[in-house]
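The following exercises concern salt bridges, helix packing and residue environments. Each task is followed by a worked solution.

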Amino acid sequence: MKFFMDTADVSEIREGMSIGMVDGVTTNPSLVSQTGRTFRDVIEEICTIVNGPINAEVVSTDTEGMLKEARSLSEIHPNIVVKIPMTQSGMQAVRVLSTEGIKTNVTLVFSPTQALVAAKAGAAYVSPFVGRLDDISKVGMELVEQIDTIYQNYAFETEIIVASVRNPLHVLEAAMIGADIATIPLKVMKQLMEHPLTTSGLAQFLKDWEKVPK
Ligand code: E4P
């Protein structure tokens, strides 16, 4: 299972890298806006930090605009994956880009049929947003299970990126399903390493160590 970091904050990415947890990065327009930096500047720097897929999203809503942005983004670095929204125009762009060898990640996926269409269009990755489904009282992880079944039924090579991850349980469930990738905020990455018994156990060991003659 691969872990991507879901952030545009390079200091967070460096921290994730230092603990060996970053196989790739996903960004989106909202995350980039939080940095106060230009989109290109952020993406270029991320490409110097992480040697893995770096996901950069288009903001055009028409196919021609998406294609233009995608081609320009793909020139930044060979690791760039272009995030395309799950729309009809988006699927037209994905189809063209796949013939040009430009990898795409179809984003804002909330149903299994959207994921099926994305795979048929030639997407390299598909991003079901589990947290946002949970937010509206749907079980987000059921979507991941459905996509996984569909992709196995037809041997699609499209990889599943479990996105909109909000807590360690999302990562656990994604791993139990066998999802290819989870894209995770730094806060949740840190939670994956934590356990209260580890904390209290270490505190007790250190306390007892003080009684050992030195
Ligand atoms: C995925 O690529 C998205 O950037 C992200 O996971 C969205 O997460 P959110 O629902 O917490 O904004």
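How many salt bridges does a search of the whole structure find? The search finds nine, a salt bridge being a side-chain nitrogen of Lys or Arg within 4 Å of a carboxyl oxygen of Asp or Glu. The model is a predicted one, in which local features need pLDDT of at least 70 and side-chain atom pairs count only at pLDDT 80 or more, while totals for chains, interfaces and linings use all residues. Residues are numbered from 1 along each chain as its sequence is written, and side-chain values use heavy atoms, with hydrogens and water left out.

**Exercise 1. Describe the salt bridge of E15 and locate both partners.**

Step 1. The partner of E15 is K190, with an N to O distance of 2.9 Å.

Step 2. E15 belongs to helix 1 (residues 10-18) and K190 to helix 10 (residues 186-191), so the pair links distant parts of the chain, 175 residues apart. Helices here are DSSP runs of H or I with at least four residues, strands are runs of E with at least two, and both are numbered from the N terminus.

Step 3. E15 has 35% relative accessibility and therefore counts as partly exposed; K190, at 33%, is also partly exposed. The scale sets buried at under 20% relative accessible area, exposed at over 50% and partly exposed in between (1.4 Å probe, protein chains only).

Step 4. As a general principle, side chains of opposite charge can pair when their charged atoms come close.

**Exercise 2. Contrast the settings of the R40 salt bridge and the K83 salt bridge.**

Step 1. R40 pairs with E44, the closest N and O atoms being 3.6 Å apart. Both residues lie in helix 3 (residues 39-49), four residues apart, which is about one turn of the helix.

Step 2. K83 pairs with E57, and here the closest N and O atoms are 3.6 Å apart. This pair links distant parts of the chain, from K83 in strand 4 (residues 80-85) to E57 in strand 3 (residues 54-57), 26 residues apart.

Step 3. R40 is partly exposed at 37% relative accessible area, as is E44 at 39%, whereas both K83 and E57 are buried.

Step 4. Salt bridges that share partners also join R14, R37, D41 and E45 into one network.

**Exercise 3. Characterise the packing of helix 8 against helix 9.**

Step 1. The axes of helix 8 (residues 140-154) and helix 9 (residues 168-177) come within 10 Å and cross at roughly 20°. Axes are lines fitted to C-alpha atoms over the stretch in contact, and angles run from 0 to 180 degrees between N-to-C directions.

Step 2. Helix 8 is therefore roughly parallel to helix 9, a class that takes angles under 35 degrees.

Step 3. Helix 8 contributes M141, V144, E145 and D148 to the contact, and helix 9 contributes H170, E173, A174 and I177. Contact means heavy atoms within 4.5 Å.

**Exercise 4. Determine the environments of T63 and I102.**

Step 1. T63 lies in helix 4 (residues 63-74) and is buried, at 15% relative accessibility. Apart from neighbours within four places in sequence, T63 contacts S89, Q92 and A93.

Step 2. I102 sits in the loop between helix 5 (88-99) and strand 5 (104-109) and is buried, with a relative accessible area of 12%. Apart from neighbours within four places in sequence, I102 contacts A70, R71, S74, V82 and L97.

Key
Parallel < 35°, antiparallel > 145°, perpendicular 65-115°, else oblique.
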